[in-house]
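Please look through the structure below with its sequence alongside. The paragraphs after it take up charge, then the overall build, then one part of the surface.

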Amino acid sequence: AGLWAAAAELTRRRDAVPDPRVGEHTDNETAMLLAWTRPAAQRLLGTGVSLARLPATSEALWAGRIDRLKAELIAYETSGLDAELAAAVELLIIDDAPRLTTGQLRARLRRAVMAADPEAVRRRVAAAARDARVEIYSEASGGTAASCGRDLPTRGALAADQRIDAAARELKA
């Protein structure tokens, strides 16, 4: 909670300076200071800003009623809403959040967001589609790799999964 609050405050201070160049590389600076990757620093800053506008979620996190994963989930699922609607949605779920699994919480949040602003969901899907990509990275074993499609269209992802699965079965045989 403290790290996210600090990230939000850093972003707020950088954004308050009239010269946009002042905040242009906040993600890179944060990544270097924490010895994190740039995407990890971007997530930290983005989640911090999102949580700064979710007082009930922030308070529940500080008090230990919800954990980091649930706070991130609430911040992400409400990110497409304006501040007033985001705060209203969080109030609908925050009392139940401690006893819900992340899957249950996600489903409840998505229903609440859809009811509050159906267009917000469409905007988030469109933004995600613009960031569609395939990532490859080393697995923990050290001798294998993983390939992961992110924000791909569902039909294309299912078709790719079937082709990759068929190729993997051939290789195993």
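In this predicted model, the protein carries 25 positive and 24 negative charges, and the mean positions of the two sets lie 3 Å apart.

The chain that carries these charges can be followed from one end to the other. Its secondary structure consists of nine helices and two strands. How are they ordered along the sequence? The pattern reads α-α-α-α-α-α-α-α-β-β-α, so that the two strands come after eight helices and are followed by one more helix, by the way such elements are numbered from the N terminus.

Next comes the extent of the fold. Along the principal axes, the C-alpha atoms fill a box of roughly 55 × 40 × 30 Å. Among contacts in the protein with a separation of 6 or more, 49% are accounted for by residues 24 or more positions apart. The protein has 173 residues, and 28% of them count as buried.

The accessible surface can be described in a similar way. It comes to about 11,400 Å² for the protein, with 57% belonging to carbon and sulfur atoms. Part of this surface is a nonpolar patch of about 410 Å², made by Leu 3, Leu 33, Leu 34 and Trp 36.

One of these residues, Leu 33, can be placed in the chain: it lies in helix α2, which covers residues 26–34. Is Leu 33 buried or exposed? Leu 33 counts as exposed because its relative accessibility is 75%, and the cut-off for exposed is over 50%.

Terms used
Residues are numbered from 1 along each chain as its sequence is written. This is a predicted model: local features need pLDDT of at least 70, side-chain atom pairs count only at pLDDT 80 or more; totals for chains, interfaces and linings use all residues. Side-chain values use heavy atoms; hydrogens and water are left out. Helices (H or I, at least four residues) and strands (E, at least two) are DSSP runs, numbered from the N terminus. Buried means under 20% relative accessible area, exposed over 50%, partly exposed in between (1.4 Å probe, protein chains only). Contact means heavy atoms within 4.5 Å. Accessible areas come from the Shrake-Rupley method with a 1.4 Å probe; for residues, only the protein chains shown count as cover. Lys and Arg count as positive and Asp and Glu as negative; His and the chain ends are not counted. The place of a charge is taken as NZ of Lys, CZ of Arg, CG of Asp or CD of Glu. Patches are made of residues with over 30% relative accessible area and no salt bridge: like charges are joined within 9 Å, nonpolar side chains (Val, Leu, Ile, Met, Phe, Trp, Tyr) within 5 Å. A salt bridge is a side-chain nitrogen of Lys or Arg within 4 Å of a carboxyl oxygen of Asp or Glu.
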